[in-house]
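Welcome, and thanks for taking a look at this one with us. Please open the structure and keep it beside you as you read the briefing below.

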Amino acid sequence: MKHGLSAALISLVIVLAGFVLAQDADVVAGKRQFRSREDSGSATGMTCWHCHADFNEKKTPDQYVRPGHPMFNVGFRAKYQAWDGSGLSSLEMAVKTCLERWMTERRAGSLTGEEAPRHRIRQFAAYLRSEELSPERKSKAAEPMRAEALPSDRMLTLGDPALGSTVFRRSCVICHINDGSGPAPSLIKNGYSRYQIGKKIRGIKNTGLRGIAMPPFTKGRLSDREMLNVIAYVYQM
Ligand code: HEC
Ligand code: HEC
């Protein structure tokens, strides 16, 4: 009787330890995949890191301001949202939505790719909920994504390209590498009008390119002033 009990206890401990180790393995895999095109199996070259910081951006910013919110304390939010501002029921749904919109094999005639593998969703979610990324265990919803109107045509001609080059290095070059090696096309001699560049940035009626659409920047990530300057710079590239 006593033996049976301790044997049961020992197997319980082994099962629990196995569970904890498996979770740790998921955290490690999720962290590795966050920045790596190869490890994440990204078919588009886009990784989470192109759009989200996986560190406390307020405290230790790097040289980039990305289109998506930082993933610091994202693990236990009251609410989640997709790139178009629509509500999502869980962290797993948010990860799945991003994977399918930007990273999985493209489907012809659609901006949504093939279904995301479940193990990857689980691994990314484990990383985002880990102590390292979500120490607070509870957090408010991020500032809502909403459609932003473009400034007037006259305003669009008023940006300063010199100031815009700084914005370009901070918010565009992470994807638009000049030699064309990034996940987005080089913008050298792009031939776009100021209005068209502005529409890409704010995500207005963007039909994308080869099944992928540039993620929108809201005013919280890129102000109108910064946008006018970067438009002036990109227009003359
Ligand atoms: C091309 C850009 C892009 C890529 C790549 C991308 N995301 Fe997102 N993601 C967004 C945008 C835009 C949103 C909308 C809300 C926001 O700004 O965070 C979002 C939302 C989310 C949210 C919900 C945030 C919240 O607070 O509601 C999570 C979680 C998330 N992404 C995780 C990921 C993970 C994990 C990956 C990689 C597997 C990834 N994303 C890849 C752009 C991207
Ligand atoms: C997270 C990656 C990412 C970031 C950051 C990003 N873009 Fe893009 N951009 C894309 C992708 C992908 C495309 C191609 C799909 C499309 O046209 O929507 C694109 C397309 C464009 C185009 C059209 C280019 C063409 O040849 O069709 C312009 C112009 C543009 N982006 C401007 C910008 C500017 C300006 C910034 C910085 C404020 C920026 N982008 C930041 C991913 C990004």
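How many helices and strands does the secondary structure of the chain come to? The answer is nine helices and two strands. Keep in mind as you browse that this is a predicted model. From start to finish, the order of elements along the sequence is α-α-α-β-β-α-α-α-α-α-α.

**Overall layout**

- The C-alpha trace of the chain spans about 85 × 35 × 30 Å along its principal axes.
- The chain has 237 residues, and buried residues make up 29% of them.
- If you take the contacts between residues at least 6 apart in sequence, 65% of them join residues at least 24 apart.

**Two domains and their contact**

- The domain assignment splits out domain 1, residues 34-143, and domain 2, residues 153-235.
- Taken over C-alpha atoms, the centres of domain 1 and domain 2 are separated by 22 Å.
- Contact between the two involves 18 residues of domain 1 and 15 residues of domain 2.
- On the domain 1 side of this contact you will find eight nonpolar, six polar and four charged residues.

**Around ligand 1**

- There are 25 residues around ligand 1, and those that come nearest are C48, C51, G68, H69 and C98.
- Two or more residues of this shell come from each of α3, β1 (80-81), α4 (91-103) and α5 (118-129).
- Helix α4 supplies the largest share of the shell around ligand 1, with six residues.
- By type, the shell around ligand 1 holds 19 nonpolar, five polar and one charged residue.

**Around ligand 2**

- Ligand 2 has 27 residues around it, of which C172, C175, A184, L209 and M214 come nearest.
- The elements giving two or more residues to this shell are α3 (48-51), α8 (194-202) and α9 (224-235).
- Helix α8 gives the most to the shell around ligand 2, namely three residues.
- In the shell around ligand 2, 20 residues are nonpolar, six are polar and one is charged.
- Where does ligand 2 lie with respect to domain 1 and domain 2? Both domains give residues to its shell, so ligand 2 lies between them.

**A closer look at α8**

- Helix α8 has buried residues at I197, G198, K200 and I201.
- These residues sit on the same side of α8, because they cover an arc of only 160° around the axis.
- The packing partners of the buried residues of α8 are α6 (153-156) and α9.
- Just after α8 comes G203, with a positive phi near 65°.

**Two backbone spots worth a visit**

- Most residues other than glycine have a negative phi.
- N73 has a positive phi, near 60°, and is a residue other than glycine.
- You can find N73 in the loop between α3 and β1.
- N73 counts as partly exposed because it has 18 C-beta neighbours inside 10 Å.
- R137, also a residue other than glycine, has a positive phi near 60°.
- Look for R137 in the loop between α5 and α6.
- Is R137 buried or exposed? With 10 C-beta neighbours inside 10 Å, R137 counts as exposed.

How values were computed
Residues numbered from 1 in each chain as written. Chains lettered and ligands numbered in written order. Predicted model: local features only at pLDDT ≥ 70, side-chain atom pairs only at ≥ 80, totals over all residues. Near = placed C-beta within 6 Å. Helix = DSSP H or I, 4+ residues; strand = E, 2+ residues; numbered from the N terminus. Nonpolar A, V, L, I, M, F, W, Y, C, P; charged D, E, K, R; others polar. Domains from an automatic or database assignment. Contact = placed C-beta atoms within 7 Å. Buried ≥ 20, exposed ≤ 12 C-beta atoms within 10 Å, placed from the backbone. Arc of directions from axis to C-beta.
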